[in-house]
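Subject: Structure handover

Hello,

Please find the structure below, with the sequence. My notes follow it.

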Amino acid sequence: MNDRRSILPVPFTALAAGAAAAVAARLWPGYRRPIGVYFCLTPRCDNACRYCRFPTLSGDEMPLTDALAYIDAMALAGCLRLNLTGGEPLLYPGLAAVIARARESGIFVTVSTNGHLIVEQLAALSDANLVMV
């Protein structure tokens, strides 16, 4: 994904389009700020639900440096709430760092998960100051 249409110096993906809107809100006065953003960090999932189309999607997992840059842009744009999704966000190796950065920026963070990995990740999620699962 080398498409460089985004305002940030990171790859633009449809999964991070909400973050691009956050940047626009900061750059152009009068643009309404994003109240909440659904942010997909990874297309990977440990389930095979019949109704879900994530297994058919192609795309790379977002690098942690890019995810943190988007979080910073969301914070600058005044984003109030961030819902981390996937695939399965608990499979994303930098999840705790993403949550911590968003919380440090004053963003209310939730994670949409199937819950299979919650026991293994509970301590890290708590240390990152996760608000809601």
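I begin with T85, which counts as buried because its relative accessibility is 15%, under the 20% cut-off. Bear in mind throughout that this is a predicted model. T85 sits in strand 2, residues 81–86. Leaving aside residues up to four places away in sequence, T85 is in contact with Y38, F39, C40, L41, T42 and S112. Strand 2 as a whole is mostly covered, with five of its six residues buried.

The sheet

Strand 2 belongs to an open sheet of three strands, in the order 1-2-3 and with parallel pairing. Strand 1 and strand 3 are the edge strands, each paired on one side only. On average, neighbouring strands in this sheet are turned by 25 degrees against each other, direction ignored. As a reminder, the strands of a sheet pair through backbone hydrogen bonds, either parallel or antiparallel.

Between strand 1 and strand 2, which run parallel, there are six bridges. One residue to look at here is V37, whose bridge partner in strand 2 is L82. L82 also has a bridge partner in strand 3, namely V109. Strand 2 and strand 3 (residues 108–111) are joined by four bridges and run parallel as well. Also along this pairing, R81 stands opposite F108 of strand 3. To get from strand 2 to strand 3, the chain passes through helix 3 (residues 95–104), and the resulting β-α-β crossover is right-handed.

The helices

Where does helix 2 lie? Helix 2 lies across strand 1 and strand 2, and runs at about 175 degrees to strand 1. Helix 3 packs on the sheet and touches strand 1, strand 2 and strand 3. The direction of helix 3 makes about 155 degrees with that of strand 3.

The aromatic pair

How many aromatic pairs does a search of the whole structure find? The search finds one. The pair is formed by F39 and Y70 in an edge-to-face arrangement, with 6.0 Å from centre to centre and 70 degrees between the planes. It links distant parts of the chain, since F39 is in strand 1 (residues 36–42) and Y70 is in helix 2 (residues 64–77), 31 residues apart. Both F39 and Y70 are buried. F39 is also among the residues that T85 touches.

The loop after strand 2

P89 is placed in the loop between strand 2 and helix 3. Is P89 buried or exposed? P89 counts as buried because its relative accessibility is 0%. Not counting residues up to four places away in sequence, the contacts of P89 are T42, L84, L95, V111 and S112. Of these, V111 is 22 residues from P89 in sequence, with 7.2 Å between their C-alpha atoms. T42 and S112 appear in the contacts of T85 and again in those of P89.

Regards

Methods: Residues numbered from 1 in each chain as written. Predicted model: local features only at pLDDT ≥ 70, side-chain atom pairs only at ≥ 80, totals over all residues. Heavy atoms only, no water. Helix = DSSP H or I, 4+ residues; strand = E, 2+ residues; numbered from the N terminus. Buried < 20%, exposed > 50% of the residue type's maximum accessible area, 1.4 Å probe, protein only. Contact = heavy atoms within 4.5 Å. Phe/Tyr/Trp six-rings, centres within 6.5 Å; stacked < 30°, edge-to-face > 60°. Pairing = 2+ DSSP bridges. Right-handed = clockwise from strand over helix to strand, strands pointing away. Axes fitted to C-alpha atoms, helices over the stretch in contact; angles between N-to-C directions.
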